[in-house]
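Me: Please take a close look at one part of this model, the charged side chains on its surface and the pairs they form. I would like a careful, connected account that also places them in their chains.

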Amino acid sequence: MDCGTAVGKILAKADGLLPRQEEAELAGHLAGCPACAAEDAAITGTGPALRALTGIRAMEKAPALDAMWTRVRAGIEEKRETRRRPLWAARWVWIPAVMTIALLALLFYPSRTDRSPFHPSSFDVAVEDVESDTATVALVDKGEDLPTVIWIIEDAKT
Amino acid sequence: MNEREVGGVPDDALIRTTLAGDDGAFAELVERYKGRAFAVAVGIVGDGDDALDVVQDSFIKAYYKLKEFRFGSNFYTWFYRLLVNQAIDRWRKSARSAEVPFDESWLSEDASPPDSFAYPRTPEDLVRNRELGDALQRAVDALPEYHRAVIVLREVDGMAYDEIARVLGCSVGTVMSRLHYARGKLRESLKSHREE
């Protein structure tokens, strides 16, 4: 048996797929070939070494592992709540939205009073002057549907 | 491999009962697979607390994806796919992860023959020789993530090559070459530890 064949058989043996008769042949080769014997030791030794390592970690975390279902159930419930929340929230979300819009309107609308909401290009007015020693008073009456506007001009300032 | 014989009720029946609204049946699946799932997760992520989180998250994900499970296939193969992906994601996000260049020489026939080495065989061996345990953990950490997943599924969980291929979504040939690479790397790392 050459070394290439032996390595294939070592892998097959590790996987439990090597017939007993071939296993005996392999053992004969390993007895006379240190390199293949080391390969065999490496392949058959890896599993127990890794299982020993994970075994230690499992022992360290045994209490937490015992409570795994409690953790999982909590996670499932939490996710279930998160999935429910959008439906619940959708029902009430318009209330803070409307309140926010109303608040913004109250805050910002007065700051724009320099702009009249009413921009007539022309209109008929009746102006009535009232004499005064200190001021010029103008009364404007545009009609029945609109309010009367009064300007009081005092020392050339309105 | 499948633990339905041990637990009594087949996995498929537990899944159907869970889908019908009985979370107790899913609790049974968790109890059935949590130990093996932890061993695989800790083999990939390295840290026990991270592994617990991975197992927990994988079961939660499985619970909500249970509708997608195809009856007739193995639950653990389906679940392990979620678990391994979750573990690899966790590993990538962790501070322990590092870029490990793929060493093609391990796949070639030119790889140097190994020296004989006394591997630890039980947790007690590693407890007695903590340095060796640390060296083994470092060697596992240094493996590229999918190579680590392959060797853990094969050596720790005892999965067959075709099952590993289904879990990782690759060919059996890829599984075998990754296993060869991983074994070689572990052997080399532990040999270096012995020589220190």
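Reply: A patch of positive charge lies on the surface where K79(A), R83(A), K61(B) and K67(B) gather, and this description, like everything below, rests on a predicted model. Of these residues, R83(A) belongs to helix α5 of chain A, which spans residues 68–92. R83(A) counts as partly exposed because its relative accessibility is 48%, a value that lies between the 20% limit for buried and the 50% limit for exposed. Since a residue enters a patch only with over 30% relative accessible area and no salt bridge, the charged side chains that do pair have to be looked at separately.

In general, side chains of opposite charge can pair when their charged atoms come close. Over all chains, the structure holds 15 salt bridges. One of them is formed by the side chains of D23(B) and R80(A), with a distance of 3.5 Å from N to O. D23(B) sits in helix α3 of chain B, residues 23–45, while R80(A) sits in helix α5 of chain A, so this pair joins two chains. R80(A) has a relative accessible area of 22% and is therefore partly exposed. Helix α5 of chain A thus carries R83(A) of the positive patch as well as R80(A) of this salt bridge.

Within chain B, D50(B) forms a salt bridge with R90(B), and the closest N and O atoms of the two are 3.2 Å apart. This pair links distant parts of the chain, since D50(B) is in helix α4 (residues 48–65) of chain B and R90(B) is in helix α5 (residues 75–93) of chain B, 40 residues apart. The two partners fall into separate classes of accessibility: D50(B), at 16%, counts as buried, whereas R90(B), at 28%, counts as partly exposed.

A further salt bridge in chain B brings together the side chains of E145(B) and R92(B), at 2.6 Å from N to O. Because E145(B) lies in helix α8 (residues 145–156) and R92(B) in helix α5 of chain B, the pair ties together parts that are 53 residues apart in sequence. Here E145(B) counts as buried, with a relative accessibility of 17%, and R92(B) is partly exposed, with a relative accessible area of 45%. Salt bridges that share partners also join R71(A), D50(B), D53(B) and R90(B) into one network, and D50(B) and R90(B) in that network are the pair described above at 3.2 Å.

Contacts between the chains also involve an uncharged residue, T54(A), which is found in helix α3 of chain A, residues 34–60. T54(A) has a relative accessible area of 9% and is buried. Leaving aside residues up to four places away in sequence, T54(A) touches A39(B), V42(B), G43(B) and V156(B).

The setting for the pairs in chain B is a secondary structure of 10 helices and zero strands, which reads α-α-α-α-α-α-α-α-α-α along the sequence. Of the 196 residues in chain B, 53% are buried. Among its contacts between residues at least 6 apart in sequence, 69% join residues at least 24 apart, and the salt bridge between D50(B) and R90(B) spans 40 residues. Finally, chain B exposes about 8,900 Å², of which carbon and sulfur atoms supply 48%.

Key
Residues numbered from 1 in each chain as written. Chains lettered and ligands numbered in written order. Predicted model: local features only at pLDDT ≥ 70, side-chain atom pairs only at ≥ 80, totals over all residues. Heavy atoms only, no water. Patch = residues over 30% accessible without salt bridge, like charges linked within 9 Å, V, L, I, M, F, W, Y side chains within 5 Å. Areas by Shrake-Rupley, 256 points an atom, 1.4 Å probe, with all protein chains shown as cover. Salt bridge = Lys/Arg side-chain N within 4 Å of Asp/Glu carboxyl O. Lys, Arg positive; Asp, Glu negative; His and termini not counted. Charge placed at Lys NZ, Arg CZ, Asp CG, Glu CD. Helix = DSSP H or I, 4+ residues; strand = E, 2+ residues; numbered from the N terminus. Buried < 20%, exposed > 50% of the residue type's maximum accessible area, 1.4 Å probe, protein only. Contact = heavy atoms within 4.5 Å.
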